[in-house]
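Welcome! Here is a short briefing to help you find your way around a structure you have not met before. Take a look at the model first, and then read on.

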Amino acid sequence: MEHVNAPSRRPWVVGVSGASGTPYAASVLRALIAAGEAVDLVVSRASRLTLLDETGIAFRDAHWREDLAQWLARGADGKPDTFGDLGTGDVKYWPAGDLAAGPSSGSYQAKGMIIVPASTACVAGVALGLSKDLLQRAASVTLKEGRRLVVAVRETPLNGQTLKHLVTLDEAGAIVLPASPAFYAGATHIQDLVDFVAGRALDAAGVPHTLYRRWEGELGGGSRQP
């Protein structure tokens with residue numbers, strides 16, 4: 001029998017839901033591209049409204065690469081050219097309504113999935129297995145195939161029902177990662193706080209990055225410049 005080599009492109013699926021926190025998603029995407037990772041991007045319909053509100057960028061299916069480049073160049077403080085033209089790397093975009101897309105199937109070879117930010121509605125949909133759009137379906141596929149699923153939930157306070165849904169996700173094998181920045185890394189700018197959360201999400205996924213200064217067991221490190 002002739003052996004067929006598996007395709008070299010095994011992407012990380014990145015799902016962006018409608019919660020506030022689009023700078024978190026941009027930071028994760030920039031770091032994945034910088035690490036040379038392939039990315040399959042799913043932007044929910046609700047997240048387009050959040051992105052428009054937080055950045056002024058209208059994310060369009062027909063012009064997604066242009067809009068993504070503009071998004072990735074924008075800093076968390078709203079400055080439009082903080083990161084310059086980084087390009088969009090090996091990113092493939094799938095519309096949220098496309099339930100026949102690659103990530104909707106378990107036979108589609110992906111490394112895992114990061115949902116950043118994850119709204120409470122998204123959390124509920126994944127926990128209940130609703131698969132109402134491609135983002136939720138891809139997350140369900142990730143869980144059933146035993147791949148790594150990182151859920152960066154962004155909401156406060158959390159009610160009892162959402163907490164139950166998060167426990168359900170944890171029991172199903174997902175990594176529940178609240179978008180909760182820390183200050184020991186010496187943050188001096190809003191971007192530092194955003195990058196800390198993005199970095200922790202990438203840590204959970206097992207992707208190397210240099211987004212924040214790690215704890216080295218020495219007090220006072222957060223008050224010193226890197």
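Two strands count as a pair if DSSP finds at least two bridges between them. With that in mind, S1 and S2 run parallel and are joined by five bridges. Please remember as you read that this is a predicted model. The chain holds seven helices and six strands, and from the N terminus on its elements follow the order β-α-β-α-α-β-β-α-α-β-α-β-α. Its radius of gyration is 17 Å, close to the 17 Å that the globule rule gives for 226 residues, so the chain is as compact as a globular protein of that length.

**The chain as a whole**

- Along its principal axes, the C-alpha trace spans about 60 × 40 × 40 Å.
- Of the 226 residues in the chain, 48% are buried.
- The accessible surface comes to about 11,100 Å², and carbon and sulfur atoms account for 53% of it.
- Among contacts between residues at least 6 apart in sequence, 71% join residues at least 24 apart.
- The chain carries 22 positive and 23 negative charges, and the mean positions of these two groups are 3 Å apart.

**The sheet**

- In what order do the six strands of the open sheet come? The order is S3-S2-S1-S4-S5-S6, with parallel pairing.
- At the edges are strand S3 (91-95) and strand S6 (175-176), each of which pairs on one side only.
- Between S1 and S2, one place to look is Gly-15, whose bridge partner in S2 is Val-42.
- S4 and S5 also run parallel, joined by five bridges; here Gly-112 stands opposite Arg-148 in S5.
- S5 and S6 pair in the parallel sense over two bridges, and Val-151 stands opposite Val-176 in S6.

**Covered strands**

- S2 is mostly covered, as five of its five residues are buried.
- Which residues of S2 point which way? Val-39, Leu-41 and Val-43 point one way, Asp-40 and Val-42 point the other way, and all are buried.
- This fits a general pattern: in a regular strand the side chains alternate between the two faces of the sheet.
- S5 is mostly covered too, with five of its six residues buried.

**Helices to look at**

- Helix H3 (residues 64-73) has Trp-64, Asp-67, Leu-68, Trp-71, Leu-72 and Ala-73 buried.
- What covers these buried residues of H3? The cover includes strand S1 (12-16), helix H1 (22-34), strand S2 (39-43), helix H2 (45-55) and S3.
- When you look along a helix, it helps to know that an α-helix has 3.6 residues a turn, so residues three or four places apart point the same way.
- His-165 lies in helix H6. Is His-165 buried or exposed? Its relative accessible area is 11%, and because buried means under 20%, His-165 is buried.
- Leaving aside residues up to four places away in sequence, His-165 touches Val-123, Ala-124, Ala-127 and Leu-128.
- Ala-121, found in helix H4, counts as exposed because its relative accessibility is 52% and the cut-off for exposed is over 50%.
- From Ala-121 to Pro-208 it is 87 residues in sequence and 30 Å in space, C-alpha to C-alpha.

**Backbone points worth a look**

- Most residues other than glycine have a negative phi, and most peptide bonds are trans. The residues below depart from one or the other of these habits.
- The peptide bond from Val-116 to Pro-117 is cis, with omega near -10 degrees. Pro-117 is part of strand S4 (residues 112-118).
- Thr-156 and Pro-157 are also joined by a cis peptide bond, with omega about -10 degrees. Pro-157 sits in the loop between strand S5 (148-153) and helix H6 (160-172).
- Ser-131 is a residue other than glycine with a positive phi, near 50 degrees. Where is Ser-131? It lies in the loop between helix H4 (120-128) and helix H5 (134-144).

Methods:
Residues are numbered from 1 along each chain as its sequence is written. This is a predicted model: local features need pLDDT of at least 70, side-chain atom pairs count only at pLDDT 80 or more; totals for chains, interfaces and linings use all residues. Side-chain values use heavy atoms; hydrogens and water are left out. Helices (H or I, at least four residues) and strands (E, at least two) are DSSP runs, numbered from the N terminus. Buried means under 20% relative accessible area, exposed over 50%, partly exposed in between (1.4 Å probe, protein chains only). Contact means heavy atoms within 4.5 Å. The radius of gyration is taken over C-alpha atoms; the globule rule is 2.2 Å times the number of residues to the power 0.38. Accessible areas come from the Shrake-Rupley method with a 1.4 Å probe; for residues, only the protein chains shown count as cover. Lys and Arg count as positive and Asp and Glu as negative; His and the chain ends are not counted. The place of a charge is taken as NZ of Lys, CZ of Arg, CG of Asp or CD of Glu.
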